[in-house]
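Okay, thanks for making the time, everyone. I'll put the model up and then walk through what caught my eye.

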Amino acid sequence: MEKGKGVMVGGRRWAVDFTDYSTSPSSRDVPDPPGFSRASQDQDDSTLSRQKKDAESNWKSQKAWEVAQAPFKNLLMMGFMMWMAGSTVHLFSIGITFSALWQPISALQGVGKVFEPYKDVKVDLLGPKLLFIALNLGGLALGVWKLNTLGLLPTHASDWVSSLPPAQEVEYSGGGIPIR
Amino acid sequence: MDIRVFLLLLLVLVSSVEHGFSLYEDQVGLMDWHQRYIGKVKHAVFHTQKTGRKRVVVSTEENVVASLDLRHGEIFWRHVLGTNDAVDAVDIALGKYVITLSSEGSILRAWNLPDGQMVWESFLQGSNPSKSLLSVPINLKVDKDNVILVFSKGFLHAVSSIDGDVLWDKDFSAESIEVQQILQPPESYVIYAVGFVGSSQFDVYQINAKSGELLKHKSAAFPDGFYGEVLLVSSDMLVSLDATRSNLVTISFRKEEISFSKTHISYLVGESLGIPVILPSKLSGILAVKFNTLLVFIRVKSEGKLEVVDKIANAAAVSDALSFSEGQQAFALVEHVDGKILLTVKLSHDWNSDFLKESIAMDHQWGLVQKVFINTYIRTDRSHGFRVLIVMEDHSLLLLQQGEIVWSREEGLASIIDVTTSELPVEKKGVSVAKVEQNLFEWLKGHVLKLKGTLMLASPEDIAVIQDMRLKSSEKSKMTRDHNGFRKLLIVLTRAGKLYALHTGDGRVIWSLLLPSLRKSGSCKHPTGLSVYQWQVPHHHAMDENPSVLVAGRCGPHWDAPGVLSFVDTYTGKELNALGLTHSVAQVIPLPFTDSTEQHLHLLIDSDQCAHLYPRTSEAIGHALRSNCIGVVDEYCFNSSDLWSIVFPSESEKIIATATRKLNEVVHTQAKVIADQDVMFKYISKNLLFVATIAPKASGEFGKPTPEESWLVVYLIDTVTGRILHRMTHHGSQGPVHAVLSENWVVYHYFNLRAHRYEMSVIEIYDLSRAENKDVWKLLVGKHNLTSPISLYSRPEAMTKSQSYFFTQSVKALAVTSTAKGITSKQLLIGTIGDQVLALDKRYLDPRRSVNPTQAEKEEGIIPLSDSLPIIPQSYVTHALKVEGLRGIVTLPTKLESTTLVFAHGVDLFLTRIAPSRTYDSLTEDFSYALLLLTIVALIAAIFVTWVLSEKKELQEKWR
């Protein structure tokens, strides 16, 4: 990959830009052809693009909400899987529980990335983001709950004392029936 | 938390596996070894006819009757009689039956000589305890039936040798005669029974051999009185000592009148030599009299005249006379000369010529010769040769022939008193290259074979080679410490006072030492070994020292006899030091302290209840607090005082069994997690004593007491304060009781008279004073006192749970597995009446078992309650073998947490390795490392190939 990139960069020694960014005719060397009204076209363009942009931002916000709601489905599926896995500790249930924990965490880490395509000045992404985070936290909670039902969370006294060595005794005694 | 996950996984693993122990046929001998012994030989009868295999039939002090191969010393067959069925005499009848008289002359048995099958058995009646005599006359026939004469319990029996029927018997119990000898001259049908009435009357009874009728009764008084027993010197002459033990009395009894002839010993010998003892060797015309170390041979001439033939200073033992060609009689005499033994075969009638004289160099660890048995064979040049079987001081058995030791058997190992262990030396670095190369080739070859075996390509020969390789793996018999701690030295003390070091890998004897301090000497007349302790266990800062053991013994049969201590290096097998003590040894208490050279402190309690501290170094005294002994100038001697005492009412209770926790037992945790994540705190104390008492009336035999008058009371006692933590009565039960105490539970075995069955009970004891520690937050921040040291004077409150189950077998020994960290679940090891060792999961003896356990309890691994404990045939750790005469089971933890070594000893020795919860922490023995290696290599190759291919493809993509 690196190599390929290098070749591409090295190959592009020069470039000509044909795009015309200017708007006023005076600044140009070549006059506009007759019947060509730059202004009207600009006008048209701007209204059109505005409409387009509106539609796009609408679409974007709609999409963002959709994306934000996506973990809900995931949540339902996870719940079903967990129910299927049962409450005994074995490979399957542990795998599911850990994936249920991992998915929300990784999703939360990439919140910015998920909403990158929908970034727009006019789109308010706070709502969808909050929903997304909330749903993922819900998923995480579900995972933790599952972990607890599997008995893998140290929430009982037994989890804290089960590895305690026996207390030392101050006294020592020995002996028995005399050796005959 | 990870521990919890691990434990849970473990639990799941364990509960999914029903039996932790079972073995495939080809795994036998891989991790176990079995050695067969017979014990110290008492009698030996040779059977060396021209046809058939040459053998010697022996009976031993371990109540074993065995037939040994004379060529190699292997056991042809062997029978271990019961513990109270001691063999009194052994002989061969009709050339095909081995006749044994046992149980003080009340049981006569015939065994088939070639294969050891019992042919017949007869119980001989009688009530008076008396000498038991067995005589198998060669040609005494009654109705074409060869007769065996047995005198036992006041009766003379004539028993048919064909079927064991008693043909006739003669009652002597009314005659008040102590019969000393039975003899039957070959030429007549008259049996002579001779003996004493009181101490000064000699009686002879003549009995018709065909019918048992009394023919004649003669009696003669000897006013001086007799001492000890009579010896039959010739067919008409007896010799005895008079009551003062200064005269030899010859008795001529076959004439009309019994005549006595008295000869003063000092007159005969020429000087006063001490107290004479007549040796019981039958030498035909000669008698051997022992004075301290001197052996005097005296010939008996006609008319009771005596004549000294020879005096031998270093004589050890004399055999009986053996008649060979044309009435010639020969006997063997063994002397110790300059560390060698000198074997002389002499003819009875011609003293001056030695028929055979051989000097044999011998390992001095065998000690002195104690018994000699002689046998003759015909050499290729048709002359007579002799072979002798000798029994040594350490109980070992040797066959000597043509000046060489043909074979030897270490029979001392049949009577082990105590066992301890020692680690082997750490492996030294630096192995020679040649060795590695050779090993590499061997290793490769072995693995190729193994691979073939795994892929099922091996031929039957290959499989045999693989099996052989597995059995003889040099890995397990190396003399260095291994990573898993399977290789150790077992230090065993035997009844003969000999210490052996056995390798746990293959059971071979690494060294043996006949302890000089436990040998008979002037100051120590009857030494006995008592026990072995680990004295010095090198640890971090004393690593260059060899470990050593302490052997405690005493100089006499009574418990107030002075003690002896011996310190033995376990690597070299040399005695480092020996102490003859001024005090007795009633109890040895290893203390939990060591000095700077890692010597363990031991407290020896004597019969006056004074405590003596060893080692006697100033460093050790630093641990002492109490005042010194009164009247004894010894700063290592301490007074003792009574702290507490519990008096059991003597009319209703009698102690029959006690059990304490093993000192080296390690407990992993103080909490027991029960169903629903609840916690119970175990009452774990090293100061816990289990005592079982029974009603004195019930201490007799089985069937004597009624259920109403017998009971068993069990106590759990705190030995520091004397507090009785638990007391329980089993009505209608009796002993014997076997018990084992471990962690917070005790399991004991007894007989239930009401149910007519054996029972096993379990008591688990829990600490209630710690039960409050259940707040997670307090535990989280460490605000608890669960690990702080406790004093038993704080009288922690305890709670017990118990349950009883039927068990179908009676038990000889009870033990429990022990592991390095105490994490692995426990198994009880039960030495059954059939001399096998049965492993039983502790889960079967769980007082929380109920008929219908809840789901949570099932998950915890609780087995539904049943009234009896199951005996699963696969869980016999001894599999098809028997440890004859089983006396004890010792468990030794290995470094690998899952595994325990089990050593069972009796007449036989058996060692195996068991994993109560399977080997969850290591790969199994038959794991194919070669296959794993092959897989890894293949995977790496595949990675390389695909990498190269992907590179190529990528390049092509770019050129497109």
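Let me begin with the cavities. Going by residue class, the lining of the largest cavity has seven nonpolar, two polar and four charged residues. One thing to keep in mind all the way through is that this is a predicted model. That largest cavity comes to about 110 Å³ in volume. Which residues sit closest to its centre? Out of 13 lining residues, those are Lys682(B), Ile684(B), Asp767(B), Arg770(B) and Ile790(B). If you search the whole structure, you get four cavities of 30 Å³ or more.

Okay, on to how the two chains meet. On the chain B side, 54 residues make contact, and they touch 32 residues of chain A. As a bit of background, people often quote the size of an interface as the accessible area lost when the parts come together. Here chain A and chain B bury about 3,700 Å² between them, and 64% of that area is on carbon and sulfur atoms.

So how many salt bridges cross that interface? By the rule used here, zero between chain B and chain A. Over all chains, though, the search of the whole structure turns up 31 salt bridges. In general, oppositely charged side chains can pair when their charged atoms come close. Let me show you one of them: Lys60(A) with Glu56(A), where the closest N and O atoms are 3.7 Å apart. Both Lys60(A) and Glu56(A) belong to helix H2 of chain A, which covers residues 38-85. They are four residues apart there, about one turn of the helix.

Now the membrane annotations, which come from UniProt, and from an unreviewed entry. For chain A, the entry lists "transmembrane region" at residues 80-105 and 125-145. What do those spans look like in the model? Residues 80-105 of chain A are 81% helix and 0% strand, with the end C-alpha atoms 19 Å apart. For residues 125-145 of chain A, the helix content is 95%, again with 0% strand, and the end C-alpha atoms lie 30 Å apart. Chain B has a "transmembrane region" in UniProt as well, also from an unreviewed entry, at residues 927-950. That span of chain B is 92% helix and 0% strand, and its end C-alpha atoms lie 36 Å apart.

Last topic is the backbone, all in chain B. Where are the cis peptide bonds I want to point out? One joins Tyr614(B) and Pro615(B), with omega about 0°. Pro615(B) is in the loop that runs between strand S46 (611-614) and helix H5 (618-621). Another joins Gly735(B) and Pro736(B), also with omega about 0°. Pro736(B), for its part, lies in strand S54, residues 733-742.

Then there are a couple of positive phi values in residues other than glycine. For Gln402(B), phi is near 50°, and the residue sits in the loop between strand S34 (397-401) and strand S35 (404-409). For Glu598(B), phi is near 65°. You'll find Glu598(B) in the loop between strand S44 (587-594) and strand S45 (600-605).

That's my tour, so shout if you'd like any of those spots back on the screen.

Conventions: Residues are numbered from 1 along each chain as its sequence is written. Chains are lettered from A and ligands numbered from 1 in the order in which they are written. This is a predicted model: local features need pLDDT of at least 70, side-chain atom pairs count only at pLDDT 80 or more; totals for chains, interfaces and linings use all residues. Side-chain values use heavy atoms; hydrogens and water are left out. UniProt positions are given in the numbering used here, feature names are shortened, and annotations may be inferred rather than shown by experiment. Helices (H or I, at least four residues) and strands (E, at least two) are DSSP runs, numbered from the N terminus. On a 1 Å grid over the protein atoms alone, a cavity is a set of points where a 1.4 Å probe fits but cannot get out, and a pocket is an open set with protein on both sides within 12 Å along at least five of seven lines; lining residues have an atom within 4 Å of a point. Grid points are joined across faces, edges and corners, and a volume is the space filled by probe spheres set on the points. Ala, Val, Leu, Ile, Met, Phe, Trp, Tyr, Cys and Pro count as nonpolar, Asp, Glu, Lys and Arg as charged, and the others, Gly among them, as polar. Contact means heavy atoms within 4.5 Å. Buried area is the accessible area (1.4 Å probe) that two parts lose on being put together, summed over both. A salt bridge is a side-chain nitrogen of Lys or Arg within 4 Å of a carboxyl oxygen of Asp or Glu.
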